[in-house]
Amino acid sequence: MIGSWRRPVAASLVACLLAAGCGPQLSKEQRLSNQQGIPSNQGHAANRLKSEEINGKTTTIGLNGGFIRMLPQGRVEMTIPTVTIGGTAYVVGSDFAKIVGFRSNWDQARGVFQLGEHDASYELKPGQTSALRDDETVTLKEAPVLFNSQIHIPVSALNPVFAKDLSFEIKEQAAVAQATDWAVSGAIDGPLEASTGAELDFGDDPKDPFQTTGGASAMRLERDPLLEASDAVEAMKGLDGFSGKDDIAVPVLRQVDMNALLTRATRYVGVNYSFGAAPYSTSGKFDCSTYTQYVFAKSGITLNRTARAQAKQGTTVDRKQLRKGDLLFFYVPGKFRSQKTVGHVGIYLGNQRMIHSAPEPKDGVQITHINNAYWKQTFLAAKRVSS
């Protein structure tokens, strides 16, 4: 009796191994990315390591089986699984952000899901058929939804919303995008380089009306009532002319006293960085663009909400003709997107230094020397937004 059922099963197994396509067995991510299996000589399961040598290595990311596949020439392929809810295809917002290299945040107070690099370039709201891209409203065919306490972004919204970063091909049970892994040769806190006049070197404009002997000698640290970082004063002692005394608030002028603006900017050294930070008055934190926006607003200059939108303001300045207070824009490398897309903004202090809010090389508002390989290579543009 037992042998009677074993024989048909054994026969079917042999038939399957001999049939076309039954031998090589691929993983889920290999199937989704249309990889070819490399069978062994005995017709057993596909050799996954050999397949990865031919097709590119895959790395699983997120909780739902999403992955990244490395391709030749620094190209990468990102595959985000889709889920169907009520007949509509969605991607899970948190997994989407992880796979494409975005930071993300759920703004509980406003009920908004935020994505971006060093600030919230994108905002989506459950139940709302519009999204915010920088300062631009994008109309959606279908609204995001909350499901199992996670925001789900409709597949139909991916290309309309994120077209500036990625183009998605919608396949069965997945959204797939290809991009380039842009890398730089130096670390973000790598060694400083001598200024030789090379193409990527930064330089100060000798006609800067606020450039004084000693560079930052006119700047003093003014403590802010909301500033809780006890090491802020210590962080500023490396500046020339540091006094530690409080400054008197400077009245708003049409022609901004840039030394006064930068003095005010240094008040916040040590304030923590937080992606998608709520207004400083309520959160006590900044991301990169809310910091620049806040500092300039104190001098009567209105900046847009995000770094990308701020990069559209003002007058473009050559990297060798920088003045104090110029906004410096950079891309964030290694994010599988474009090296031409603004991902970070800081304020130029003079003498090849900037003040900015960032998660690295330290966390929070910090002063960074930019004359190293990392900042030189990731620099995109400088804008002058005041006279």
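Among contacts in the protein chain between residues at least 6 apart in sequence, what percentage join residues at least 24 apart? The share is 57%. Please keep in mind as you look around that this is a predicted model.

Let's start with the chain as a whole. Its secondary structure consists of eleven helices and 20 strands. The protein chain has 387 residues, and 49% of them count as buried. Its accessible surface comes to about 18600 Å², and carbon and sulfur atoms account for 52% of that area.

Now to one sheet that is worth finding on your screen. It is an open sheet of five strands with antiparallel pairing, and the order is β1-β2-β3-β14-β13. At the edges sit β1 and β13, each of which pairs on one side only. On average, neighbouring strands in this sheet are turned by 20° against each other, direction ignored. As general background, strands of a sheet pair through backbone hydrogen bonds.

Here are the residue ranges of the strands, to help you locate them:

| Strand | Residues |
|---|---|
| β1 | residues 58-61 |
| β2 | residues 66-70 |
| β3 | residues 75-81 |
| β13 | residues 168-171 |
| β14 | residues 174-180 |

Within this sheet, β3 and β14 pair in the antiparallel sense over seven bridges. For a handy landmark, look for P81: its bridge partner in β14 is A174.

Finally, a helix joins the picture. Helix α4, residues 93-100, lies across β1, β2, β3 and β13. Relative to β3, helix α4 runs at about 175°.

Notes: Residues are numbered from 1 along each chain as its sequence is written. This is a predicted model: local features need pLDDT of at least 70, side-chain atom pairs count only at pLDDT 80 or more; totals for chains, interfaces and linings use all residues. Side-chain values use heavy atoms; hydrogens and water are left out. Two strands pair if DSSP finds at least two bridges between them. Helices (H or I, at least four residues) and strands (E, at least two) are DSSP runs, numbered from the N terminus. Axes are lines fitted to C-alpha atoms, for helices over the stretch in contact, and angles run from 0 to 180 degrees between N-to-C directions. Contact means heavy atoms within 4.5 Å. Buried means under 20% relative accessible area, exposed over 50%, partly exposed in between (1.4 Å probe, protein chains only). Accessible areas come from the Shrake-Rupley method with a 1.4 Å probe; for residues, only the protein chains shown count as cover.
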